[in-house]
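Trainee: I'd like to zoom in on just one part of this protein and really get to know it. Could you walk me through it slowly?

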Amino acid sequence: MARQLRPVELDFADTAPVRLVFTGTMAAPPDAVYRALAVETESWPEWFSGLTAAMPTPEGRTVRLTGGTRFRETVLAAQPDVLYAYRTDETNAPGAHALLEAWRLAPTGDGTRVRWTVATDGTALYRAVLRGSRPAMGRTFHSSVRALDRRLTKA
């Protein structure tokens, strides 16, 4: 059964009890990366490991992960080539109370620096599990960024 999460705003990315931040670089330019994140949301399962569906909604999207976890998200910030952020309004993930993800983009000499922040709160067990998941989430982030970069830069 899905449950409503606490609505948070963009500042939660800086104040959440649990903040996981991952960075990587891509050869693709910021406009192409932003388009893949914010406009072509249905393509996420093609490059983001563990995501099985991403369906647009008027407010944002609905996402499904391998294993059956579901999220209904609302977009909070969509600044082309700079920032794409969304919060989870409803999920079936046990123990979650609030969740926000922010993708910040910055041009590099010949590509894009990507920073993914996962900001969350929940029960003590939920927080401990998320903190313990940092290495696996980091691997997922880096492999997904590489897969997206290959997709965006192929000739």
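How many bridges join β7 to strand β8, and do the two run parallel or antiparallel?

Mentor: Good place to start, and keep in mind that this is a predicted model. There are 11 bridges between β7 and β8 (residues 112-122), and the two strands run antiparallel. Together they make a hairpin, with 4 residues between them. For one facing pair, find Leu105, which stands opposite Val114 in β8.

Now look at the other partner. Strand β6 (residues 83-91) is joined to β7 by 5 bridges, again antiparallel. That pair is a hairpin as well, with 4 residues between the strands. Check out Gly95 in the turn, whose phi is positive, about 85 degrees. Across this pairing, Tyr84 stands opposite Trp103 in β7.

So how covered is β7 itself? The strand spans residues 96-107, and 9 of its 12 residues are buried. In a regular strand, side chains alternate between the two faces of the sheet.

Next, the company these residues keep. The largest nonpolar core has 34 residues, and Leu37, Trp44, Trp103 and Trp116 are the ones touching the most other members. Leaving out residues up to four places away in sequence, Leu37 touches Trp44, Trp47, Tyr84, Trp103 and Leu105. Apart from that core lies another one of 11 residues, including Leu100 and Ala102. Nonpolar side chains tend to be buried together in soluble globular proteins.

Tyr84 has one more link worth following. Thr41, in the loop between α2 (30-39) and α3 (44-47), is in contact with Tyr84, and also with Ala36, Ala54, Pro56 and Arg61, once neighbours within four places are set aside. Thr41 has a relative accessible area of 5%; that is under the 20% cut-off, so Thr41 counts as buried.

Last stop: the largest pocket, with about 730 Å³ of space. Both β7 and β8 supply at least two residues of its lining, as do β4 (60-65), β5 (70-79), α4 (124-132) and α5 (134-153). The largest share, 4 residues, comes from α4. Of the 30 lining residues, Leu65, Thr69, Phe71, Leu130 and Met137 lie nearest the centre. Sorted by class, the lining has 19 nonpolar, 8 polar and 3 charged residues.

Definitions and conventions. Residues are numbered from 1 along each chain as its sequence is written. This is a predicted model: local features need pLDDT of at least 70, side-chain atom pairs count only at pLDDT 80 or more; totals for chains, interfaces and linings use all residues. Side-chain values use heavy atoms; hydrogens and water are left out. A nonpolar core is a set of buried Ala, Val, Leu, Ile, Met, Phe, Trp, Tyr and Cys residues joined through side-chain atoms within 4.5 Å. Buried means under 20% relative accessible area, exposed over 50%, partly exposed in between (1.4 Å probe, protein chains only). Contact means heavy atoms within 4.5 Å. Two strands pair if DSSP finds at least two bridges between them. On a 1 Å grid over the protein atoms alone, a cavity is a set of points where a 1.4 Å probe fits but cannot get out, and a pocket is an open set with protein on both sides within 12 Å along at least five of seven lines; lining residues have an atom within 4 Å of a point. Grid points are joined across faces, edges and corners, and a volume is the space filled by probe spheres set on the points. Ala, Val, Leu, Ile, Met, Phe, Trp, Tyr, Cys and Pro count as nonpolar, Asp, Glu, Lys and Arg as charged, and the others, Gly among them, as polar.
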